[in-house]
Amino acid sequence: MRDIIAGVRTVVFMTLLWGVITPVWCIPLLILGRLIPKNKRSFYIVRPYAYIAVQLARFICGIKYEVIGLENIPKGRGVVISCNHQSTWETFFLQILFTPQTQVIKKSLLNIPLFGWTFRLQDPIAIDRDAKSKALKQIISQGTAKIESGVSVTIFPEGTRSPAGVVGDFSPGAAMLAKKANCTLLPVSLNPGEFWRNDSWLKYSGTVTVVIHPEITVENTKAANQLLEDTVRSGVKILGQKAA
């Protein structure tokens with residue numbers, strides 16, 4: 001019965017988001033979006049869409065959320081936001097939580113009709129994951145420019161999604177960018193994979209917990225990356241124990 005209810009809710013959610021909201025929101029922006037200054041696009045283009053997606057998931061699928069550590073979000077300056085990655089949910093929610101920001105994403109996402117074309121207007125850091133050396137250089141060069149302009153950069157250091165309760169090894173890109181841009185790392189732990197799983201199309205009700213940890217100052221890149229990974233991993237472990 002639980003799967004049947006989740007299935008009905010998921011179908012309604014996906015139909016509304018991709019069949020109704022996406023074309024209604026994206027088509028006008030594809031025409032008018034370039035009139036919005038680049039440093040305002042994350043707020044006026046992506047953030048409202050992300051907010052609608054998260055609220056639809058909340059009211060239709062029952063995926064609620066709570067945020068711990070809001071006081072740790074720095075004001076008026078760009079940082080490198082480093083988060084574990086479990087589902088699509090956090091790619092939406094982080095756009096709401098941190099503004100202005102841009103994300104490091106797979107280049108292929110920009111080819112998704114309407115959504116990807118509109119997301120391109122935000123000028124995300126779109127990388128080819130197969131060309132690792134080139135991608136790292138791109139993250140550092142473009143990310144430094146973003147941070148110097150006051151825009152935060154979100155990176156998922158695992159490089160891919162992991163199951164709920166699991167955290168993969170962190171690549172050093174986030175720490176290297178923070179070092180180059182002379183800014184801090186902001187670790188984030190969350191558990192949306194408990195309800196919006198990566199290995200299933202079904203979306204289950206529950207409360208996602210998002211933990212914003214204190215900033216990490218980068219002096220030594222290797223040490224900072226290890227502290228970042230340990231911090232996020234510890235947070236995810238605690239969230240898993242809480243869910244159990």
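In this predicted model, strand 3 (residues 101–106) and strand 5 run parallel and are joined by 3 bridges. Within this pairing, Q101 is found opposite S152 of strand 5. Strand 5 is also linked to strand 2 (residues 80–83), again in parallel and through 3 bridges. Here I81 has T154 of strand 5 as its bridge partner.

What, then, covers the residues of strand 5 on its two sides, and are they buried or exposed? Strand 5 spans residues 152–155, and both of its faces are covered. On one side sit S152 and T154, on the other V153 and I155, and all of these residues are buried. S152, which stands opposite Q101, and T154, the partner of I81, thus belong to one and the same side of the strand.

Attention now turns to helix 7, which covers residues 221–243. Two of its residues are worth a look together: E229 and D230. E229 has a relative accessibility of 10% and therefore counts as buried, the cut-off for that class being under 20%. D230, by contrast, counts as partly exposed because its relative accessibility is 38%.

The surroundings of E229 can be followed a little further. Its side chain makes a polar contact of 2.6 Å with the side chain of R233. Beyond the neighbours within four places in sequence, E229 is in contact with G168, D169 and F170. For D230, a link to another part of the chain can be given as a distance: the C-alpha atoms of D230 and P187 lie 9.8 Å apart in space, while the two residues are separated by 43 residues in sequence.

Methods. Residues are numbered from 1 along each chain as its sequence is written. This is a predicted model: local features need pLDDT of at least 70, side-chain atom pairs count only at pLDDT 80 or more; totals for chains, interfaces and linings use all residues. Side-chain values use heavy atoms; hydrogens and water are left out. Buried means under 20% relative accessible area, exposed over 50%, partly exposed in between (1.4 Å probe, protein chains only). Helices (H or I, at least four residues) and strands (E, at least two) are DSSP runs, numbered from the N terminus. Two strands pair if DSSP finds at least two bridges between them. A polar contact is a pair of N or O atoms within 3.5 Å; within protein, one must be able to donate a hydrogen and the other to accept it, and residues adjacent in sequence count only if both atoms are side-chain atoms. Contact means heavy atoms within 4.5 Å.
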